[in-house]
Amino acid sequence: MVNKLIVSNILHRPIRTAVSALAVAIEVAMVMLFVGLANGMLHDSARRVEGVGADIMVQPPGASFFLAFSQAPMPIKIGDRLKDIPHVLAVAPTLVLFNSVKGLDMIWGIDMPTFNRVSEGFVYHDGGPFLNSYDILVDDWYAKARHLRIGQTISLLNHDFRVSGIVEHGKGARLFISLNTAEDLLQVQEKASIFFVKCTDPGYADDVSEAIRQLLPKYQVLPVKEYMSMMTSNNLPGFNAFFTVIIAIAVGIGFMVIFLSMYTTITERTREIGILKSLGASKGYIIAVILREAGLLSVVGILVGYGLAALARKAILGAYPTLSIELTVEWALYAALLALAGSMLGASYPALRAAQLDPVDALAYE
Amino acid sequence: MEPIIVTRDLKKVYRLGKVDVQALRGVDCIVQEGELVAVVGPSGCGKSTLLHILGGLTGPTSGHVLVDGNDFSKMTDADRTRFRRHTIGFVFQRFNLLPTLTARDNVAIAQHIQGDGFNPHRFQAVVEMLGIQNKLDHRPYALSGGEQQRVAIARAVVCEPKILLADEPTGNLDTENSQAVLSMLRDLNRGFGQTILMITHNPEAAAVADRIIHMRDGHIISD
């Protein structure tokens with residue numbers, strides 16, 4: 001019977017219901033999309049580093065394991081010493097550059113022969129390796145997003161680059177230029193931001209890592225497996241704070257809309273609450289009716305939010321194919337719990353207020 | 001036999017802003033079980049306040065109220081609510097049906113709130129007695145005033161309350177519907193021994209009662 005009362009109340013005020021549910025839906029979609037985007041980009045970045053095919057990464061002292069923050073160069077000659085370590089098959093020096101003009105792009109300056117030895121070479125969808133200094137390789141997702149073809153020029157780092165090849169995505173960066181060009185652009189010589197080390201067998205990764213640590217005690221030596229396990233939001237500075245802020249904003253929106261919705265509902269339905277009280281409904285009964293109504297609005301909003309998140313993801317990835325958004329069941333449940341908790345909190349005060357209404361005053365309410 | 005309603009020196013003072021309004025100034029009355037009593041008097045004489053106190057909707061400021069042996073002046077708000085749920089039925093001038101529910105659900109919700117669950121036999125008996133079988137699927141806005149009041153009476157009596165309190169039950173009805181509603185109240189009283197306390201301005205309505213209590217300025221002036 002209470003369910004009938006709640007459903008009939010919700011259906012009786014379709015605009016209020018739609019607005020309240022939509023607010024909860026936006027809350028849920030916002031949490032799922034922002035977290036999904038952050039985690040998606042993080043995991044995509046990690047997968048692409050794994051896709052290089054190296055077993056170990058060597059970075060200068062104090063460098064961040066998050067490659068996007070690593071530009072501190074180290075002498076390229078270190079690579080020669082790394083090659084001499086037993087069980088090392090190949091070492092690929094890489095210089096990381098950033099383009100912040102018209103977007104944010106990470107560009108890897110690579111020595112093609114050594115990078116190919118580590119990564120077993122690019123898979124070319126079109127074109128081929130660099131022929132000139134200002135040639136560039138782009139991956140297929142980047143090419144699709146920017147509608148690039150072989151021979152076209154793109155402007156990066158205040159220079160025009162000719163697209164010489166479109167390669168399969170998943171090998172580190174989305175943009176590759178020659179190491180020499182990268183050094184020229186950074187005005188450094190014989191420097192690298194990172195060395196990708198490939199072992200003769202992945203089983204030697206720990207032994208080789210230990211040998212590198214002995215050789216270069218101050219340098220950061222990170223087996224790729226360990227790197228993958230570290231690429232979580234917990235290990236990245238500011239990520240959890242970012243999540244917290246996004247969640248707080250989203251829950252705040254849901255809380256306020258449900259609060260206002262239920263508060264105005266209580267005012268509108270003062271007389272009905274008086275009727276229920278005249279029939280002997282207890283305070284608990286009144287509170288339960290209000291909270292269950294808010295709960296039902298939330299459930300509708302959560303389901304709409306899931307749909308909204310899926311549609312928004314499709315639209316965003318259609319417009320920006322290089323992005324990655326991971327909509328996970330875990331975060332879907334978490335977003336639902338947050339939305340429900342926010343709604344219950346938002347409905348609590350109106351529910352308590354309704355329960356405390358004087359039945360005589362409520363029955364006389366016009 | 002113990003009277004079902006006893007009030008002694010019952011007083012009620014309302015605070016309106018900074019002004020105290022004495023709604024009841026010492027009401028003494030006794031109602032026996034099975035009586036149909038009409039309370040009449042001008043607006044503001046305290047008859048609605050008396051009805052609200054007897055229904056447990058509000059507490060007295062002082063004095064004693066014994067309803068079915070329970071002293072309201074010693075009961076908490078929650079106790080009075082529980083008592084009302086099982087013992088009191090209300091009928092209002094403005095019907096006070098829940099607008100989003102059908103007539104059927106408006107009646108059934110009283111059984112639900114009482115907590116004994118839906119009793120189909122009692123429900124059927126009541127709706128047949130009040131002649132609203134064909135109106136059960138209608139919402140209040142689709143019912144005439146007389147039909148709404150019949151649904152309201154059904155809701156009030158479906159849980160078999162010991163006392164039915166009616167606040168101007170014919171106040172919003174035309175003559176024909178007023179007669180029908182009064183007839184139903186009388187039938188409930190005569191046929192089932194339902195104790196009814198009815199507030200009314202209408203002399204014809206008061207005429208159906210066994211007793212008429214006249215109130216003025218918060219006092220009973222004749223009984």
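In which sense do β6(B) and strand β7 (residues 163–167) of chain B pair, and over how many bridges? They run in the parallel sense, joined over four bridges. Keep in mind throughout that this is a predicted model.

**Close-up 1. The β6–β7 pairing in chain B.** Here we look at β6(B) beside β7(B), with their four bridges in the parallel sense. For a handhold, find I88(B): its bridge partner in β7(B) is I163(B). As a reminder, strands of a sheet pair through backbone hydrogen bonds, either parallel or antiparallel.

**Close-up 2. The whole open sheet of chain B.** Pull back a bit and six strands come into view, in the order β6-β7-β8-β3-β9-β10 (chain B). The sheet is open and its pairing is mixed. At the edges sit β6 (88–91) and β10 (219–222) of chain B, each of which pairs on one side only. From one strand to the next, the twist averages 25°.

**Close-up 3. A helix packed on the sheet.** Helix α1 (residues 47–54) of chain B packs on this sheet. Four strands of chain B are touched by the helix: β3 (36–40), β7, β8 (195–200) and β9 (211–216). Compare directions and you get about 155° between α1(B) and β8(B).

**Close-up 4. Two helices of chain A side by side.** Now over to chain A, where helix α2 (residues 14–51) and helix α9 (residues 239–268) have axes that come within 9 Å and cross at roughly 175°. Angles over 145 degrees count as roughly antiparallel, so that is what α2(A) and α9(A) are to each other. On the α2(A) side, look for residues including F34(A), M30(A) and V31(A); the α9(A) residues they meet as a group include F242(A), F243(A) and I246(A). Sorted by type, the residues of this contact come out as 18 nonpolar, three polar and two charged.

**Close-up 5. The two domains of chain A.** Chain A splits into domain 1 (2–43 + 238–364) and domain 2 (61–218). Taken over C-alpha atoms, the centres of domain 1 and domain 2 of chain A are 47 Å apart.

**Close-up 6. Where chain B touches chain A.** This contact brings 19 residues of chain B together with 17 residues of chain A. On the chain B side, the elements giving two or more residues are α2 (77–87) and α3 (103–114) of chain B. The most comes from α3(B), with seven residues. By type, the chain B side has nine nonpolar, seven polar and three charged residues.

Notes: Residues are numbered from 1 along each chain as its sequence is written. Chains are lettered from A and ligands numbered from 1 in the order in which they are written. This is a predicted model: local features need pLDDT of at least 70, side-chain atom pairs count only at pLDDT 80 or more; totals for chains, interfaces and linings use all residues. Two strands pair if DSSP finds at least two bridges between them. Axes are lines fitted to C-alpha atoms, for helices over the stretch in contact, and angles run from 0 to 180 degrees between N-to-C directions. Two residues are in contact if their C-beta atoms, placed from the backbone, lie within 7 Å. Angles under 35 degrees count as roughly parallel, over 145 as roughly antiparallel, 65 to 115 as roughly perpendicular and the rest as oblique. Ala, Val, Leu, Ile, Met, Phe, Trp, Tyr, Cys and Pro count as nonpolar, Asp, Glu, Lys and Arg as charged, and the others, Gly among them, as polar. Domain bounds come from an automatic or database domain assignment.
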